[in-house]
Amino acid sequence: MNRKAKTLLVLALVGVVGMAFRVSWNALRDIATAIGADPTAARLYAFVVDGLMALALVATLVLTKASDRKFALRVLAAYTVASLVLNYVHGLVPELHGGSVGPGRLADLGKVGWLLVLLATSLPVGSIYFGSDLVAKVLHHRPPTTADAQKTTDTESNRSMSDLGESTDEPPAPVADPTPLPAPAPVELPETDRSAPTGAAVPAESPRPRRSTGRVPDSARTTRPKRTPAELLDEARSATDDWSDEELTAERIRKAVHTSAEKARGLRDALRAERAESAESADAAAA
């Protein structure tokens, strides 16, 4: 719908509301005369009832806070019902038409008349109270900014995530690294260095329980080619070439070539034997 069509629609609505107000104004004026209002007050009585209905409708459209909108809707509903009741009484009692009946005519209807008088006389006081409250809410209303809307969205998102609880599904499988990594060595107590003083205590690491994370798929496991004893010895020989005899321990060899403790001890003995043989050959050549 373009702007011109919207304007025509609003003008048509204003015209219908104006004609409806004129019909209701006639009935409310006669009711006000019947409860003792002077001619000027009787003419203004319709603005007290139907005017507050229009104010409550505007406040409902302007206010964004849920509690304020609910209050405005309740005022609108209450005054709509009150105007409907007074218009019904005006049509039910023909003597009220034209305002020819003097004050107190509604009291002739008995208990119902007393209730109608109470309703008709309480509406102006209610208009002062509820109208002032609605105007104060509209004047103090602050439209939400972009930052407030973003903050509300983040709060709702966090609340929704917290309501999900802890997932019971299996954790996602880790992505396999294309570069082969060394296999983790078994947890063992480090071998005491021979260079350390006798009786020195080696602190043992206390094992920490690990939480079960489920079975890792075979496709996600890293694979490392197996090394032959000769290849493992060559790698250990290259890694320990510049080590001294005191530094040549099984624990250091195990960490350097990433092998088990048992193989590290075998590599240590083999390397020490090679060094001893080389030393003897050098001594023999010198002699």
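**Figure 1. Confidence varies from helix to helix in this predicted model.** Helix α5 (residues 146-163) has the lowest mean pLDDT among the elements of the protein chain, at 58, while α3 has the highest, at 88. For the protein chain as a whole the mean pLDDT is 75, with 64% of the residues reaching 70 or more. The secondary structure amounts to 8 helices and 0 strands.

**Figure 2. The largest nonpolar core draws on helices α1 to α4.** Here we look into a core of 27 residues, in which Y45, Y79, L86 and L123 touch the most other members. Two or more residues each are given by α1 (3-34), α2 (39-62), α3 (66-92) and α4 (111-139). Helix α2 supplies the largest share, 8 residues. In soluble globular proteins, nonpolar side chains tend to be buried together.

**Figure 3. A closer look at Y45 and its contacts.** Which residues does Y45 contact, leaving aside its neighbours within four places in sequence? They are L28, A32, L86, A120, L123 and P124. Two of these contacts, L86 and L123, are among the core members that touch the most others, as is Y45 itself. Apart from this core lies another, of 11 residues, including L233, A236, I253 and L267.

**Figure 4. A nonpolar patch sits on the surface.** Turning to the outside, L57, V58, L61 and V62 together offer about 380 Å² of accessible area. One of them, V58, belongs to helix α2. For the protein chain overall, the accessible surface is about 20700 Å², and 61% of that belongs to carbon and sulfur atoms.

**Figure 5. D133 and K137 pair within helix α4.** Their side chains form a salt bridge with an N to O distance of 4.0 Å. The two residues are 4 apart in helix α4, about one turn. D133 is partly exposed at 24% relative accessibility, and K137 is partly exposed too, at 23%. D68 joins D133 and K137 in a network of salt bridges.

**Figure 6. Two further salt bridges, each with a buried acidic partner.** D30 pairs with R29, their closest N and O atoms being 3.4 Å apart. Is D30 buried or exposed? D30 is buried, because its relative accessible area is just 2%, whereas R29 is partly exposed at 22%. In helix α7 (residues 250-257), E251 and K255 lie 4 residues apart and meet at 3.8 Å, N to O. E251 is buried at 17%, but K255 is exposed at 53%. A search of the whole structure finds 11 salt bridges.

Notes. Residues numbered from 1 in each chain as written. Predicted model: local features only at pLDDT ≥ 70, side-chain atom pairs only at ≥ 80, totals over all residues. Heavy atoms only, no water. Core = buried A, V, L, I, M, F, W, Y, C linked by side-chain atoms within 4.5 Å. Buried < 20%, exposed > 50% of the residue type's maximum accessible area, 1.4 Å probe, protein only. Contact = heavy atoms within 4.5 Å. Patch = residues over 30% accessible without salt bridge, like charges linked within 9 Å, V, L, I, M, F, W, Y side chains within 5 Å. Areas by Shrake-Rupley, 256 points an atom, 1.4 Å probe, with all protein chains shown as cover. pLDDT = per-residue confidence, 0-100.
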